[in-house]
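Work through the exercises below with the sequence and the model open beside you. Each one sets a task and then gives a solution in steps.

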Amino acid sequence: MDCLSPSSPVEQVVFMKGAQVGGTECGNNWLGYVIDHTPGPMMYVLPTLDMAKRTSKQRIAPMIDEMPDLQEKVKDPRSRDSGNTLLTKEFPNGVLIFTGANSAAGLRSMPARFLFMDEVDAYDDDVDGEGSPINLAIKRTATFSRNRKILMVSTPNIAETSKIEAAYESSDKRRYLVPCNSCGHFQPIVWAQIIFDNNDPTTTRFECIKCEHKHYEKDKPKLLSKGQWQAEEEKSNKVAGFHLSSLYSPNGWYSWQNAVEDFLAAKSNPIQFKDWTNTVLGETWTEKGETVEHALLYQRREHYSAEVPWWVEIITVGCDVQDDRIEFEVTGWGAGEESWSIDYIRLYGDLSRQGIWDALADMLRKTYTRQDGTRMNVAQVCIDSGGHYTDEVYAFCRKQGADWAIPIKGSSQA
Ligand SMILES: [Zn+2]
């Protein structure tokens with residue numbers, strides 16, 4: 001919220017989030033603040049005009065009614081000449097317009113000093129043949145380029161097309177770190193540290209990455225109250241990006257146990273698991289075919305100082321099967337399909353015997369630690385099945401899970 005105040009140099013706030021962390025509420029509070037303290041033209045964009053109408057009626061109208069300061073400024077819609085309709089709320093020195101990202105006319109309706117774009121990943125890529133609704137809306141703020149404020153909020157969707165992730169990647173990428181109750185080590189609350197035993201959600205806890213101290217739901221308020229935002233990248237201070245998964249949901253909203261229950265219910269169904277990844281982790285979903293393709297398109301190398309650089313979001317492995325060895329490369333992937341080679345291993349042995357395949361399985365199940373302390377597993381493995389050990393490769397993939405280890409023909413030519 002500080003970034004949205006007029007005293008902050010930040011011009012654009014990007015909030016990529018899971019469900020139940022209060023993203024829309026944060027935008028609505030801002031909206032109330034604008035009406036009350038820094039009035040000016042404000043535009044509130046929802047994915048469709050219908051959603052805009054619903055939001056105005058079901059969320060904003062009651063909020064104005066409940067707050068005397070706002071009620072005084074925004075006149076009752078029932079009085080004549082109130083300047084107050086479903087999509088327009090006038091107040092002294094300002095106006096709030098609701099519109100849909102599916103209406104170019106609505107997005108062009110007026111210059112805006114304040115722009116609130118909610119659920120941007122549900123926006124169409126193109127509106128009425130005029131291009132991106134986001135760009136169209138941002139153009140309306142150009143008149144106020146010296147004191148505008150833009151807020152983008154969304155739960156992310158597909159990695160390749162996510163608008164909120166693209167915006168977040170252009171920001172300074174802030175994550176919320178909490179201090180361990182035992183050793184004080186600051187760390188993000190990540191899924192890899194949400195531990196449960198024997199598929200039993202009642203055993204759920206958040207374990208410190210450093211000392212393995214177990215935090216339970218009752219410890220959450222203390223963790224959250226002592227936390228702090230930390231930017232991953234030093235970039236222009238004009239775009240501030242925030243990421244919060246539902247693992248940060250306040251007590252009583254959505255618990256870690258809820259997240260585990262939903263995970264167990266969703267994990268074997270790709271559509272449900274995508275939905276869980278988007279709404280609970282607040283992360284984009286990478287289509288499987290795309291991941292394989294990315295893994296094959298490995299091109300660049302860089303030197304890196306730690307095992308896995310900060311900006312790696314997913315780890316994949318490509319295996320080349322030779323007559324006397326398996327060679328595999330561990331690759332980390334970040335934004336914009338940029339990749340870093342993390343490890344390269346040659347495993348020699350008799351490929352007709354089980355031993356080397358078991359050794360390979362062990363090595364692929366290794367956990368890598370990213371610079372921020374997050375433990376990462378290999379998300380996807382591709383294995384060349386075009387050599388002399390096709391049957392063995394297929395058997396390996398079946399045993400490891402054919403959606404995790406994928407046989408590929410001629411992987412080296414890609
Ligand atoms: Zn600790």
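**Exercise 1.** Find the residues that coordinate the zinc ion, and describe the geometry and the surroundings of the site.

Step 1. In this predicted model, the zinc ion is held by the SG atoms of Cys180, Cys183, Cys208 and Cys211, at 2.3 Å.

Step 2. Reading along the sequence, these donor residues follow the spacing C-x2-C-x24-C-x2-C.

Step 3. The angles among the four donor atoms run from 106 to 113°, and the site of the zinc ion is tetrahedral.

Step 4. Compare the accessible areas of two of the donors: Cys180 has a relative accessible area of 6% and, because buried means under 20%, it counts as buried, whereas Cys183, at 38%, is partly exposed.

**Exercise 2.** Describe how the protein chain is divided into domains, and state how domain 2 and domain 3 are placed relative to each other.

Step 1. Begin with the whole protein chain, which has twelve helices and 20 strands, and whose C-alpha atoms fill a box of roughly 85 × 50 × 40 Å along the principal axes.

Step 2. The division gives domain 1 (2–173), domain 2, which is made of two segments (175–231 + 245–279), and domain 3 (288–404).

Step 3. Between the centres of domain 2 and domain 3, taken over C-alpha atoms, there are 27 Å, and the contact between them takes seven residues from domain 2 and five residues from domain 3.

**Exercise 3.** Locate the largest nonpolar core, and explain why it lies between two domains.

Step 1. This core has 47 residues, and those touching the most other members are Trp30, Leu31, Tyr44, Val178 and Ile189.

Step 2. Helix α8 (residues 256–266) supplies the largest share of the core, namely five residues.

Step 3. Domain 1 and domain 2 both give residues to this core, and therefore it lies between them.

Step 4. Take Val178 as an example: leaving aside residues up to four places away in sequence, Val178 touches several residues, among them Ile189, Phe206, Leu223, Leu224 and Tyr248.

Step 5. A second, separate core, of 30 residues, includes Val312, Leu347, Leu351 and Leu360.

**Exercise 4.** Decide which residues of helix α12 are buried and which are exposed, and say how they are arranged around the axis.

Step 1. Helix α12 covers residues 390–400, and within the helix Val393, Phe396, Cys397 and Gln400 are buried.

Step 2. These buried residues cover an arc of only 95° around the axis, so they sit on the same side of α12.

Step 3. This arrangement fits a general rule: an α-helix has 3.6 residues a turn, so residues three or four places apart point the same way.

Step 4. Asp391, Arg398 and Lys399 are exposed on the other side of α12, while the buried residues pack against β14 (314–321), α11 (354–364), β19 (378–384) and β20 (405–408).

Step 5. Just after α12 comes glycine 401, which takes a positive phi of about 105°.

**Exercise 5.** Where is asparagine 199 placed, and which residues does it touch?

Step 1. Asparagine 199 belongs to the loop between β9 (194–197) and β10 (200–207).

Step 2. With a relative accessible area of 49%, asparagine 199 is partly exposed, because exposed means over 50%.

Step 3. Not counting residues up to four places away in sequence, asparagine 199 touches Leu264 and Lys267.

Terms used: Residues are numbered from 1 along each chain as its sequence is written. This is a predicted model: local features need pLDDT of at least 70, side-chain atom pairs count only at pLDDT 80 or more; totals for chains, interfaces and linings use all residues. Side-chain values use heavy atoms; hydrogens and water are left out. A nonpolar core is a set of buried Ala, Val, Leu, Ile, Met, Phe, Trp, Tyr and Cys residues joined through side-chain atoms within 4.5 Å. Buried means under 20% relative accessible area, exposed over 50%, partly exposed in between (1.4 Å probe, protein chains only). Helices (H or I, at least four residues) and strands (E, at least two) are DSSP runs, numbered from the N terminus. Domain bounds come from an automatic or database domain assignment. Contact means heavy atoms within 4.5 Å. The arc is that of the directions from the helix axis to the C-beta atoms. Donors are N, O and S atoms within 2.8 Å of the metal (3.2 Å for Na, K and Ca); water is not among the atoms, so sites may look incomplete. Four donors count as tetrahedral if all angles lie between 85 and 135 degrees; four count as square planar and six as octahedral if opposite donors are over 155 degrees apart and all others between 65 and 115; anything else is irregular.
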